[in-house]
Amino acid sequence: MIPVLPTPHLSSRTGAWRMLRPVLEAEKCNGCLVCWLFCPEGSIRRENGSVSIDLDYCKGCGICARECPRRALRMVEEASFMGEGGGKLA
Amino acid sequence: MRDYRNANEAVALAVRLARVEVVAAYPITPQTAIVEEIAGQIARGELDAEYIRVESEHSALAACYGAAVAGARVFTATSSQGLAYMYEMLHYASGSRVPVVMAVVNRGLAAPWTIWTDHQDSVSCRDTGWIQLYVETAQEALDTALQAYRIAEHGEVLTPVMVCLDGFVLSHTEEVVEIPRQEEVDSFLPPYRPAYYVDPERPAVFAPGMGPDLYPSYKRSQQLAMEKAREVIKAVDEEFGALFGRRYGGLAEPYRCEGAKAVLVTLGSVTSTAREVVDRLRQQGHAVGLLRLRALRPFPAQEIREILGGAEVVAVLDRNCSFGLEGAVCTEVKAALYGLARQPQVLGFIRGLGGQDISQADIEEIFQHALSFSPGRR
Amino acid sequence: MRIEELREEEFVCGSFACAGCGAILAVRLALKVLGPETVVVTTPSCLLGVTTFYPQLAFKVPCVNVPFPATAAAVSGLVAGLRRKGRENVRVLGIAGDGGTVDIGLQALSGALERGDRFIFLCYDNEAYMNTGGQRSGSTPLGASTATTPVGRGAKGEDRPKKDMLRIVAAHNIPYAASASIGYPADYIRKLEKAVKAGGPAYIQVLTPCPPGWGYRSDLTVHLARLAVQAGQWALAEYEEGAWRVKEVSNPRPVREYWALQKRFAHLLQESGGEG
């Protein structure tokens, strides 16, 4: 056994750590991509001038909401999404 | 071609003949002539290799590790304090299973300061997961360095090798050395084809972190590789012998042990002195023999049981001390003999520390002591 | 540089870094500039722990882990090995934290810089040994409370100024050395691009705030990285072809504003009665 392992290899989705969930108000967003730039996890998707949030690895740090120049992102208690689908991932 | 060479020059020749691709080394007495000669070979265009002039031994082995995971055949050399300074990287290289070959020009460790030979430096590193081969002559240094690449790079071994040679006695003393031709060496030692190397097409983590669930299995595989190395060392020595006409006994080399009542166990250059003493004592009718351990890791326990099991007394000559116990090789020989129905008495002798000369008279005295010892049968 | 021009592809994702980790953001942006033909060499630190501990391996590029003092030495080996194997196209990126750079990694880094190999060394500076719980390093700023420079009777936190690593590096006369901050991404990315184009060793020391280590809420990471510069606590400097350039701060802020947001400086505010 040689200690060389293929990467990436992700066994858990760190989105499960999240206490606060970023919620995008699309009508306020002008696609400036500041949130995409500053997301430590690379959890913001960008396509055709707009953004969406991939919650699998979003830890809910809140940098995107704080840095958004148009306040188009809000951090919402994760617990309020329970049972709505898209909640905490294993 | 035959010419005068000391063991340092012989090792540098082996590096050239092995077509080593990356060398990283830091100078230390008495290793310096190896790295100077390699630098000269590169400067003269005789060796096409990268020479990384590192700022320490720790960095020397770290650079070898980096070059090895890039897929290159690598070499380094050190002595004494330098080997001690590498200690952390020794475990790293063996645990990562990179086939580094390193010449260790044996020298005692400070304090007090010494530049002369003993085996404290490499024996202190016997648990680092490296194969350790101790040579007797400059010729064997050259031949063993070539064999070392075959052993280290063997797919089921992938374990780094130290080629240990006594400082000054071997490193700075010339003898007639048969220098193999490049074509012969090429047929013995093909280019290194790593199973794993850094490749952005197949990204991997080299030496990832492991939890208690996995770590032990990787460590066990190192032990299994060492076990495998026993047969590989023997097979490579045989194959080398068939090609070049020189064999070194694989893991351990007995000399006149047939019917021997007292057998001396040695490592390294002192074996040549002991051989002459054995010849003289045999001539005088004493039933004495000699067993040179070529490998300290993997330890030739089976060979020791077979060769020493019939002796009445075994004298172990250690050029090291495991402080608080005895010579390290003595302990290991005893452990190898453990469980035999008829066990020889084992006597330990620590001699030759810090370059103290070991003369024929010293060895004869050890044999006389061993012969006069009335062995208690247990 | 426009944001759209950065690679969309992520080369580090799913790490076990803390929420709001500045270091992982710095590495993420660096790999976007360097691209997929890169090998990362890294050392025991937060980064190694959160990206290369099986079963959570977060890099999409090869990563070689080495002992703490050895980052730059292994980098030299990789550069030589790749060159010998005709694969110089693979960029070698050494990454270490401040301890692994300015303290235990200094000797190997000095050797590699002086040898002139072509590589990039990224020091992510969170100003203490954060992976082991926040002990002071040579890069801890004056006055900061850390696990080994605690505040108490007669003790006011770190009592030595931060090591001036950038000038130490520049003294090796390498083609490019710079300090950057994740609060100024355009500046950071421009410096990474220069590092890629440098004909020899390039060094970037990037300020990466650490929520648990500095004691602040995770959403403030970028804000603090910006405020550090505005409050004169971090310079955006550049050493290129023997000349220094330092970015002028456009809207300076009082240092107490920077201190007030972090627990590690809380005692300084109490002492100055909040006047800073």
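**Close-ups of chains A and C**

**View 1. Strand β6(C) lines up with strand β10(C).** Let's start inside chain C, where β6(C) and strand β10 (residues 202-207) run in the parallel sense and are paired over 6 bridges. To find your way around this pairing, look for Phe121(C), which stands opposite Tyr203(C) in β10(C). Keep in mind that this is a predicted model.

**View 2. Strand β5(C) also pairs with β6(C).** Here the partner is strand β5 (residues 91-97) of chain C, again in the parallel sense, with 5 bridges to β6(C). A handy pair to pick out is Ile95(C) and Leu122(C), which stand opposite each other, Leu122(C) being the one in β6(C).

**View 3. Strand β6(C) is covered on both faces.** In a regular strand, side chains take turns pointing to one face of the sheet and then the other. Try following that along β6(C): one side carries Ile120(C), Leu122(C) and Tyr124(C), and the other carries Phe121(C), Cys123(C) and Asp125(C). So how many residues of this strand (120-125) are buried? The count is 6 of 6.

**View 4. Chain A meets chain C.** Now we move to the interface, where 28 residues of chain A are in contact with 39 residues of chain C. People often describe the size of an interface by the accessible area lost when the parts come together. For these two chains the buried area is about 2900 Å², with 59% of it on carbon and sulfur atoms. On the chain A side, the residues that lose the most area to chain C are Trp36(A), Leu37(A) and Arg46(A), which together make up 20% of what that side buries.

**View 5. Salt bridges and polar contacts cross the interface.** There are 3 salt bridges between chain A and chain C. One of them joins Arg226(C) to Glu67(A), with the closest N and O atoms 2.8 Å apart. You can also look for polar contacts, which link 17 residue pairs across this interface. Which elements of chain A each supply at least two residues to the side touching chain C? They are β1 (4-6), β2 (9-10), α1 (34-38) and α2 (63-67). The biggest giver is α1(A), with 4 residues. Sorted by type, that side of chain A has 16 nonpolar, 7 polar and 5 charged residues.

**View 6. A strand from each chain joins up.** Zoom in on β2(A) and you'll see it pair with strand β3 (residues 56-57) of chain C, in the antiparallel sense and over 2 bridges. In this pairing, Leu10(A) has Gln56(C) as its bridge partner.

Terms used:
Residues numbered from 1 in each chain as written. Chains lettered and ligands numbered in written order. Predicted model: local features only at pLDDT ≥ 70, side-chain atom pairs only at ≥ 80, totals over all residues. Heavy atoms only, no water. Contact = heavy atoms within 4.5 Å. Buried area = accessible area lost by both parts, 1.4 Å probe. Salt bridge = Lys/Arg side-chain N within 4 Å of Asp/Glu carboxyl O. Polar contact = N/O pair within 3.5 Å; in protein donor to acceptor, adjacent residues only side chain to side chain. Nonpolar A, V, L, I, M, F, W, Y, C, P; charged D, E, K, R; others polar. Pairing = 2+ DSSP bridges. Buried < 20%, exposed > 50% of the residue type's maximum accessible area, 1.4 Å probe, protein only.
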